[in-house]
Amino acid sequence: MGFNCGIVGLPNVGKSTLFNALTQTAAAESANYPFCTIEPNTGRVAVPDMRRDDIAKIAGSQKIIPTQLEFVDIAGLVKGASKGEGLGNQFLANIRETDAILHVLRCFEGDVTHVEGSVDPLRDAEIIETELMLADLESVEKRLVNLRKKARAKEKEAAELVDLLEPVVAALEQGLPARTVEVSKDQQALFEQQQLLTAKPVLYVCNVSEEEAQTGNALTEKVAAMAAEKGADYVIISAEIEAEIAQLESQEEKDEYLADLGLSEPGLAKLIRKGYALLDLLTFFTCGPKEARAWTVERGSFAPQAAGVIHSDFERGFIRAETIAFQDFVDCGGESAAKEAGKMRQEGKDYLVKDGDVFHFRFNV
């Protein structure tokens with residue numbers, strides 16, 4: 001199951017440095033000039049979750065396997081990208097393939113060249129959002145020309161799309177992203193199929209200097225206010241610090257380095273968790289002597305869908321899910337004791353998965 005976040009922003013705001021640190025590789029070249037990223041780079045990273053380790057310890061599991069999230073490093077957009085400026089069209093297409101957007105904003109001064117000549121994260125955010133809105137507007141308007149003709153010819157699907165997309169055009173023309181348009185439950189699936197750039201959820205990533213990673217600064221305060229106004233979230237991170245941590249070999253060295261900076265955990269851990277929440281995902285677990293494993297499923301999924309994440313046969317032949325809440329698993333000291341204490345539940349096909357559920361699926365194919 002692929003869930004991914006596209007890392008976007010103007011050139012030289014720290015996107016590739018951040019991506020390199022995320023994946024702990026130098027797969028995305030970092031350089032002090034625009035467009036050093038020519039193809040989108042993709043990396044999968046483990047989602048930090050101490051619950052998984054607790055479960056493994058209690059179950060005596062030999063292996064621990066985390067759930068993962070995918071990140072895509074997309075080259076810097078510039079003003080005019082929607083009209084093909086820079087490497088615009090190619091990268092707008094790359095963004096369209098992602099599920100959510102991590103918008104990196106430069107919130108530090110320094111010698112690194114800024115494509116707009118000065119540091120202003122609110123202006124940068126507006127440039128990117130405007131380009132995405134212009135791209136959406138052009139795309140939707142083109143489609144509506146043919147859809148309206150088909151709707152007049154009584155084509156039901158075309159008429160449904162016209163009803164869906166006309167309010168989107170109206171919003172975009174007013175400078176509002178597609179995500180602000182109210183969509184009915186019946187229209188939701190169709191809306192998501194349109195892959196509109198501005199319909200994707202956004203997390204603002206404030207890239208600060210090493211000295212300001214703990215406290216932020218006046219620029220991050222402005223971003224926080226903007227995010228609140230837009231109903232979005234933000235995270236403060238120093239790509240410089242994260243790149244340094246990625247180079248350290250032992251966990252002891254990493255912990256010591258963080259402690260010296262007054263930080264309790266890497267900024268990337270917060271970023272990954274917020275990206276996970278942005279996609280409205282939750283984690284469930286399976287465990288045994290061989291392995292303890294975390295799995296990802298969308299919030300609102302039923303037990304058979306969770307089983308299907310492990311293997312399609314589990315969903316196809318689903319009988320029931322033997323379920324223990326994470327806290328009950330820990331408090332009782334494992335599956336057997338939880339069962340004896342009456343904390344193991346037998347759940348059927350209509351059970352909505354909860355974050356932290358420890359599952360054993362029964363199926364027959």
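## Nonpolar cores

The largest nonpolar core of this predicted model holds 58 residues. Within this core, L69, F71, L102 and L271 touch the most other members. A separate core lies apart from it and has 19 residues, including A158, L165, A171 and L190. In soluble globular proteins, nonpolar side chains tend to be buried together.

L69 deserves a separate look. Leaving out residues up to four places away in sequence, L69 contacts F3, C5, G43, R44, V45, V47, I272, G275, Y276, L279 and L281. One of these, V45, is also the bridge partner of L69, which belongs to β4.

## The sheet

Six strands form an open sheet. Their order is β2-β4-β1-β5-β6-β7, and the pairing is mixed. Strands β2 (41-46) and β7 (233-237) are the edges, and each pairs on one side only. Ignoring direction, neighbouring strands are turned by 25° against each other on average.

At one edge, β2 meets β4 (residues 68-73). The two strands run antiparallel, and six bridges join them. The V45–L69 pair links these strands.

## Helices on the sheet

Helix α1 covers residues 15-23 and packs on the sheet. Its contacts are with β1 (4-8), β2, β4, β5 (100-106), β6 (202-207) and β7. The direction of α1 makes about 45° with that of β2.

Helix α4, residues 121-152, also packs on the sheet. This helix touches β1, β5 and β6. Its direction makes about 145° with that of β5.

Conventions:
Residues numbered from 1 in each chain as written. Predicted model: local features only at pLDDT ≥ 70, side-chain atom pairs only at ≥ 80, totals over all residues. Heavy atoms only, no water. Core = buried A, V, L, I, M, F, W, Y, C linked by side-chain atoms within 4.5 Å. Buried < 20%, exposed > 50% of the residue type's maximum accessible area, 1.4 Å probe, protein only. Contact = heavy atoms within 4.5 Å. Pairing = 2+ DSSP bridges. Helix = DSSP H or I, 4+ residues; strand = E, 2+ residues; numbered from the N terminus. Axes fitted to C-alpha atoms, helices over the stretch in contact; angles between N-to-C directions.
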